[in-house]
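Colleague: I would like a close look at one part of this model, the surroundings of the ligand. Please go on from there to the empty spaces in the protein.

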Amino acid sequence: MDSIIVTGGTELKGQIPIAGAKNACLALMPATLLSDEPLTLTNAPRLSDIKTMTLLLESLGAEVRSMQEGRVLAMSSHDLNNLTADYDIVRKMRASNLVLGPLLARAGHAVVSLPGGCAIGARPMDLHIAGLEALGAQIELKDGYLHADAPKGLKGAVIEQRFASVGATENIVMAATLAKGSTVLKNAAREPEIVDLVKCLRAMGAQIAGEGTATIEIQGVDRLHGATHPVVADRIELGTYMIAPAIAGGEVELVGGGMDLLPAFCEKLDAAGIVVTPTEKGIRVSRSNGRAKAVDVKTEVFPGFPTDLQAQMMALLATAKGTSVLEETIFENRFMHAPELMRMGADIEVHGGHATVKGVERLKGAPVMATDLRASVSLILAGLGAEGETMVNRVYHLDRGYERVEEKLSAVGARIERVKGE
Ligand code: EPZ
């Protein structure tokens with residue numbers, strides 16, 4: 001298994017390009033199952049999770065041609081020949097469950113393995129199931145698989161979600177595009193990835209309104225056609241690299257993606273004394289006068305502070321002046337980076353969904369262990385400001401969601417290298 005070594009203490013300077021969004025692309029790719037005509041995605045990110053979704057779609061009989069070094073995905077599901085999403089693929093990546101709605105809508109039947117829990121939480125699918133049942137599907141759990149049937153097709157309905165789940169919103173919206181009649185989805189998720197998915201579905205001929213608000217209305221149509229769609233910028237990659245100069249010092253321009261993708265996050269960086277400025281190409285971030293200031297953070301659904309940037313923010317606050325309280329409200333077990341930061345000398349106390357971070361002068365490099373995608377990158381960020389070397393192990397987590405992290409960071413002056421494992 002590969003590791004990454006970071007030597008701290010170098011200020012950063014230059015530009016970092018931001019790729020297309022993993023979490024948008026993982027919802028956009030299953031949309032190809034809704035039509036027998038080709039769907040092409042441009043600005044696609046080059047990540048192991050995208051490869052896993054490609055394997056899944058191919059296992060259902062879809063074709064996925066990767067072009068321009070993976071930036072363009074030309075997909076077609078003209079010849080769907082299997083309606084089962086196998087456990088062996090789903091257990092590797094829970095976003096595989098986003099084929100459930102499209103398969104059900106297109107073929108009237110789908111069998112999808114339940115993903116099971118993951119490092120950051122139980123992550124049940126009750127909201128996906130409740131929404132699809134409201135559209136008329138019969139869903140049964142058998143041997144770890146969800147068996148979903150709608151032999152006469154789906155029927156529009158009014159659905160009010162208990163929680164604004166991103167995945168459930170995506171599955172329900174995709175299914176409702178081919179349902180008879182209209183669907184009103186209340187308490188829908190408002191994340192930019194949802195907005196991007198709806199833009200793509202509309203380009204395929206879907207009739208949808210209200211994306212980005214809490215109420216999405218879908219008028220079902222008989223069929224969808226082909227389209228080409230550019231994947232929106234990755235706001236989590238953007239936020240991650242905004243924290244790099246905030247920790248290491250210096251000035252970096254993030255090219256691609258604007259502050260509108262991260263309203264609450266930009267506000268918190270500003271409150272911590274980090275200078276965030278919009279530019280023509282993206283966002284410039286600089287930290288000049290010493291340590292950041294402590295701020296309290298509470299993760300929330302969009303437009304609130306994203307849970308996928310909580311670990312990276314903790315890495316910044318570990319050396320801020322003063323004490324910060326981070327509250328994680330989305331996932332029940334998302335502080336596993338805290339003990340690793342404490343190995344580097346951070347002063348953190350975790351109680352349930354709250355972490356109290358007393359800022360220290362400087363962290364010290366140490367060997368640390370990545371536990372999940374965002375935790376792994378927070379350890380690399382912490383290493384940029386630490387004294388000496390930090391070795392982050394199990395970086396396969398990182399490759400799921402970050403393209404060429406060591407190249408992007410060394411291009412702005414960071415001392416970082418990957419050590420190939422056996
Ligand atoms: C998406 O996951 C993202 N993944 C996650 O990013 C992100 O953390 C999350 O949204 C929240 O923003 C992808 O888009 C592929 P949810 P998703 O359904 O759809 C509970 C990353 O690092 N819930 O909004 O799974 C659930 O347990 C990943 O890139 C139910 O209880 O998130 C969780 O506590 C990590 N029942 C909360 O809602 C359900 O049926 C949020 O889940 C569904 C969800």
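Modeller: The shell around the ligand divides by class into ten nonpolar, five polar and seven charged residues. Here Ala, Val, Leu, Ile, Met, Phe, Trp, Tyr, Cys and Pro count as nonpolar, Asp, Glu, Lys and Arg as charged, and the others, Gly among them, as polar. This is a predicted model: local features need pLDDT of at least 70, side-chain atom pairs count only at pLDDT 80 or more, and totals for chains, interfaces and linings use all residues. Residues are numbered from 1 along each chain as its sequence is written, and side-chain values use heavy atoms, with hydrogens and water left out.

Of the 22 residues around the ligand, Asp126, Leu127, Ser165, Asp308 and Ile330 come nearest; a residue is near if one of its heavy atoms lies within 4 Å. Two of these five also appear among the polar contacts (pairs of N or O atoms within 3.5 Å). A ligand oxygen is 2.6 Å from an N or O atom in the side chain of Ser165. For the side chain of Asp308, a ligand oxygen is again 2.6 Å from an N or O atom. Pro124 takes part through its backbone: a polar atom there is 3.3 Å from a ligand oxygen. Alone, the ligand exposes 820 Å², and the protein buries 87% of that (Shrake-Rupley method, 1.4 Å probe).

Helices H1 (22-28), H5 (126-134), H6 (166-176) and H12 (373-385) each give two or more residues to this shell. H5 gives the most, with three. Helices are DSSP runs (H or I, at least four residues), numbered from the N terminus.

H12 also helps to line the second largest pocket, as do H8 (235-248) and H10, each with two or more residues. A pocket is an open set of points on a 1 Å grid, with protein on both sides within 12 Å along at least five of seven lines; lining residues have an atom within 4 Å of a point. This one holds about 260 Å³ of space, the volume filled by probe spheres set on the points. Its lining has 19 residues, with Ile247, Ala248, Arg287, Arg362 and Gly385 nearest the centre. By class, ten are nonpolar, four polar and five charged.

H10 spans residues 310-317, and eight of its eight residues are buried, meaning under 20% relative accessible area (1.4 Å probe, protein chains only). Among them are Gln310, Gln312 and Met313.

How values were computed:
Buried < 20%, exposed > 50% of the residue type's maximum accessible area, 1.4 Å probe, protein only. Polar contact = N/O pair within 3.5 Å; in protein donor to acceptor, adjacent residues only side chain to side chain. 1 Å grid on protein atoms, 1.4 Å probe; cavity = no way out; pocket = protein on both sides within 12 Å on 5 of 7 lines; lining within 4 Å.
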